[in-house]
Amino acid sequence: MAFSSKVVLVTGASSGIGAATARLLAGRGATLALAGRRADNLQRVASECAEAGRGQPLLTITGDLTREPDAERLVEQSVQKYGRLDVLVNCAGILELGSVETTSLQQYDRLMGINVRAVYHLTMLAVPHLVAAQGNIVNVSSVNGIRAFPNLLAYNMSKAALDHMTRCLALELAPHQVRVNAVNPGVTVTELQKRGGLDEAAYEQFLERSRTTHALGRPGQPDEVAAAIAFLASDEAAFITGASLPVDGGRHAMCPR
Ligand code: NDP
């Protein structure tokens with residue numbers, strides 16, 4: 001029960017990696033504040049967390065994190081209900097395909113708005129509480145933040161920014177004993193790519209290709225990323241800060257030859 005008495009705020013909890021993280025942490029005793037946009041999905045994940053948990057309280061807060069008042073409300077309501085915040089998991093994010101020749105400034109702003117600016121804003125709001133609790137942050141970045149891939153330019157840039165933010169914040173907050181780390185998943189089976197524009201057939205092909213683009217011969221599952229997030233958020237990682245941990249079946253280590 002590594003997280004009993006810990007209050008954890010998870011964004012992107014209504015789907016994919018965030019939902020898996022919420023369920024895992026509930027099972028390990030965390031008191032959760034879950035954030036997402038789609039209220040029905042968030043409610044379903046909350047029910048799953050309640051089943052996995054030990055009767056600890058649960059809070060769900062819907063909102064669009066690119067809207068400043070929604071982000072403010074999220075932190076306010078969490079701290080109001082629980083009186084503290086120990087861990088912030090910044091998981092909410094989007095992907096859009098496109099190169100420099102095909103990505104509009106609107107798309108660029110949309111990607112940066114949720115993948116970077118909203119994380120920055122939420123972090124600003126959460127830091128005083130994390131300092132008080134000597135807590136930690138886990139950012140959900142991507143292998144795209146540490147390796148270059150064509151045709152995802154703005155997404156790649158957003159994740160590289162998140163990784164550098166992780167390192168810089170780790171140094172800024174270390175004097176307060178607040179740790180800041182990131183996980184860098186490879187392809188993980190969620191809604192991300194389909195919401196980013198791949199239809200069913202293209203997504204099937206993409207997953208098939210993941211067998212060769214990941215050294216371990218397959219894409220990852222949300223639970224596998226959640227396990228790494230839970231590790232970094234736990235006291236077992238007490239001496240780890242500023243790290244970007246690939247959870248990508250070895251993809252980051254691969255080079256064409
Ligand atoms: P999903 O699309 O399944 O989940 C994305 C989550 O982010 C949802 O809960 C969604 O809320 C939330 N979200 C998106 N935009 C906003 C917003 N403006 N305000 C509030 N919440 C928002 O994708 P994943 O679970 O895969 O993605 C989670 C993170 O993992 C992302 O940061 C992604 O970049 C990263 N990642 C994913 C990989 C993959 O292959 N799946 C690989 C590497 C990194 P709602 O559904 O309620 O709209």
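## Holding the ligand

Let's begin where the ligand sits: one of its oxygen atoms is 2.7 Å from an N or O atom in the side chain of Y155. Keep in mind that this is a predicted model. The backbone joins in too. An N or O atom in the backbone of R38 lies 2.7 Å from a ligand oxygen, and for I17 a backbone N or O atom is 2.8 Å from an oxygen atom of the ligand.

How much of the ligand's own accessible area does the protein cover? Taken alone, the ligand has 900 Å² of accessible area, and the protein covers 98% of that.

## Who lines the shell

There are 32 residues around the ligand, and the ones that come nearest are S14, S15, R38, Y155 and T190. Sorted by class, the shell is made of 14 polar, twelve nonpolar and six charged residues.

Which elements give two or more residues to this shell? They are α1 (16-27), α5 (153-173) and α6 (192-195). Of these, α6 gives the most, with three residues.

## The sheet

Now for the strands. Seven of them make an open sheet, with parallel pairing, in the order β3-β2-β1-β4-β5-β6-β7. At the edges are β3 (58-62) and β7 (244-247), each of which pairs on one side only. Going from one strand to the next, the twist averages 15°.

As a bit of background, the strands of a sheet pair through backbone hydrogen bonds, and they can do so in a parallel or antiparallel way. Here's one pair to look at: β6 (residues 179-185) and β7 are joined in the parallel sense over four bridges. Along this stretch, P185 stands opposite V247 in β7.

## Helices on the sheet

Which strands does α1 lie across? The answer is β1 (7-10), β2 (31-36) and β6, and α1 runs at about 170° to β2. This is the helix we met above among those giving two or more residues to the ligand's shell.

Helix α2 (residues 39-52) packs on the sheet as well, where α2 touches β2 and β3. The direction of α2 makes about 170° with that of β3.

Methods:
Residues are numbered from 1 along each chain as its sequence is written. This is a predicted model: local features need pLDDT of at least 70, side-chain atom pairs count only at pLDDT 80 or more; totals for chains, interfaces and linings use all residues. Side-chain values use heavy atoms; hydrogens and water are left out. A residue is near a molecule or strand if one of its heavy atoms lies within 4 Å of it. A polar contact is a pair of N or O atoms within 3.5 Å; within protein, one must be able to donate a hydrogen and the other to accept it, and residues adjacent in sequence count only if both atoms are side-chain atoms. Accessible areas come from the Shrake-Rupley method with a 1.4 Å probe; for residues, only the protein chains shown count as cover. Ala, Val, Leu, Ile, Met, Phe, Trp, Tyr, Cys and Pro count as nonpolar, Asp, Glu, Lys and Arg as charged, and the others, Gly among them, as polar. Two strands pair if DSSP finds at least two bridges between them. Axes are lines fitted to C-alpha atoms, for helices over the stretch in contact, and angles run from 0 to 180 degrees between N-to-C directions. Contact means heavy atoms within 4.5 Å.
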